[in-house]
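Please open the structure in your viewer and keep the selection tool at hand. The tour goes from one selection to the next and says what is found at each.

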Amino acid sequence: MKSLFLGLTFLLASFSSTTNEEKTIADEFVCSNWVKVIVECDNDFWLCTDGQTMEEFLEDATYFSQGRC
Amino acid sequence: MKQTLKILFIYFFTSNVIGQVQIKGNVSFPPIEYKSEKLEQTKQNIFYNYTYVSNPKKTEKTKYSLTVLQIGQNWSKFVDFNTLKKDSIEEKFSHYKNLGVVELNKLLAIRAKIGFKKNTFKELKDNSLTFQGKVHSTKYEYEEKGPSLNWQLKKESKSILNYNAKKATINYGGRKWIAWYTEEIPINLGPYVFGNLPGLILELNDDKKNFHFIAIGMNNEQKEIYKRVEKKIVKTSKKDFFKAERNFHEKPELFVRGTIKGGTNFKKIPYNPIEIID
């Protein structure tokens with residue numbers, strides 16, 4: 001009975017660990033082109049251009065630069 | 001000429017100086033498509049200094065830009081001076097093969113200086129209005145019948161640009177507006193949608209001083225009154241445009257598609273529309 005309990009605990013721990021690892025990989029954003037956006041107060045950031053039109057990119061750069069200084 | 005130089009001098013010292021944003025890296029976008037419809041030539045141009053509050057919770061923080069009322073025979077157009085500059089740059093860039101960092105930085109810089117963001121066209125024969133504006137990256141156009149502006153004419157007067165200006169008040173768009181107009185220039189126009197007074201509006205503000213326009217000069221230079229013709233412009237109603245604008249400020253995550261390195265944190269943008277529309 002004791003060994004069955006230990007076995008189940010190990011199995012659950014393994015499942016839990018696998019799920020977390022998968023989540024970390026899935027959350028990692030893959031971008032082929034990061035562009036640096038420089039704001040006056042040195043609080044710069046990188047914005048991905050993948051799949052964006054120029055209009056979207058310019059508006060996003062403006063939006064994300066607000067409130068950084 | 002002297003007058004134009006004076007206006008430009010004031011413009012350079014009062015233009016909306018927002019923290020400069022620049023980009024660095026490899027980037028290339030196809031050129032902008034630029035098309036415009038010429039409406040007519042201006043007969044007169046009235047320049048207004050525009051002071052406004054973008055965050056209604058921080059009314060002490062004001063921003064500035066230069067706006068212009070272009071008046072023709074059949075049309076008038078009220079626009080930010082930097083929108084005219086932006087259009088001129090975009091027209092130039094429309095002939096380029098690709099737009100890179102240099103061009104994008106020029107566009108970012110000029111866009112940041114635009115304070116008054118709705119281009120307002122008035123057809124003078126019936127006062128009907130057409131507006132062009134943008135919410136994030138989507139361009140919109142909506143029309144409106146000329147609003148009935150029933151002003152209350154007051155006795156007070158003062159001098160603006162050496163013209164005798166009389167006071168008038170009105171409730172419009174959820175705000176109380178105070179205008180100073182001169183009968184010495186018998187043109188019933190003014191900033192944005194305002195007009196229908198027995199003379200040109202030289203100064204206009206709401207009673208909370210969130211929006212203030214003051215004439216700083218005028219000239220008779222002939223300039224083209226044009227309207228941008230956009231393939232992807234969304235024709236909408238005034239109510240829906242203001243709704244979209246409010247949504248963008250309150251829920252920017254619904255509009256912003258880009259991703260920043262290290263995770264994206266969306267923050268609300270303060271919203272202070274010139275008209276309060278529910």
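**First stop: a helix of chain A**

Begin by selecting residues 54-65 of chain A, which form helix 2, a helix of twelve residues that reaches 16 Å from its first C-alpha to its last, close to the 16 Å expected at 1.5 Å a residue. Bear in mind throughout that this is a predicted model. Within helix 2 of chain A, colour the buried residues, which are M54(A), F57(A), E59(A), D60(A), A61(A), Y63(A), F64(A) and S65(A). If you then show what these buried residues pack against, you will find strand 1 (34-39) and strand 2 (45-48) of chain A, and from chain B strand 1 (21-24) and helix 3 (101-112). Just after helix 2 of chain A, pause at G67(A), where phi is positive, at about 70°.

**Second stop: where the chains touch**

Next, select the contact between the two chains, to which chain A brings 32 residues and chain B brings 27 residues. On the side of chain A that touches chain B, helix 2 of chain A gives the most, with twelve residues, and the residues of that side divide into 18 nonpolar, eight polar and six charged. Now display strand 1 of chain A together with strand 1 of chain B, which pair in the antiparallel sense over four bridges; one residue to pick out here is V37(A), whose bridge partner in strand 1 of chain B is I23(B).

**Third stop: the sheet of chain B**

Move on to chain B and select its open sheet, in which twelve strands with mixed pairing follow the order 9-10-11-12-13-3-4-5-6-7-8-15. Strand 9 (152-160) and strand 15 (234-236) of chain B stand at the edges and have a single partner strand each, so one side of each is left without a neighbour in the sheet. Inside the sheet, look at strand 6 (residues 119-123) and strand 7 (residues 128-135) of chain B, which run antiparallel and are joined by five bridges, and find T120(B), whose bridge partner in strand 7 of chain B is F131(B). Adding helix 2 (residues 81-93) of chain B shows a helix packed on the sheet, where it touches strand 4 (63-71), strand 5 (75-80) and strand 6 of chain B, its direction making about 90° with that of strand 5 of chain B.

**Last stop: a loop residue**

Finally, select T42(B), in the loop between strand 2 (36-41) and strand 3 (44-52) of chain B. Is T42(B) buried or exposed? T42(B) is buried, because 23 other C-beta atoms lie within 10 Å, and its contacts beyond four places in sequence include Q70(B), I71(B) and Q222(B).

Technical notes:
Residues are numbered from 1 along each chain as its sequence is written. Chains are lettered from A and ligands numbered from 1 in the order in which they are written. This is a predicted model: local features need pLDDT of at least 70, side-chain atom pairs count only at pLDDT 80 or more; totals for chains, interfaces and linings use all residues. Helices (H or I, at least four residues) and strands (E, at least two) are DSSP runs, numbered from the N terminus. A residue is buried if 20 or more other C-beta atoms lie within 10 Å of its own, exposed if 12 or fewer, and partly exposed in between; C-beta atoms are placed from the backbone. Two residues are in contact if their C-beta atoms, placed from the backbone, lie within 7 Å. The expected span of a helix is 1.5 Å times one less than its number of residues. Ala, Val, Leu, Ile, Met, Phe, Trp, Tyr, Cys and Pro count as nonpolar, Asp, Glu, Lys and Arg as charged, and the others, Gly among them, as polar. Two strands pair if DSSP finds at least two bridges between them. Axes are lines fitted to C-alpha atoms, for helices over the stretch in contact, and angles run from 0 to 180 degrees between N-to-C directions.
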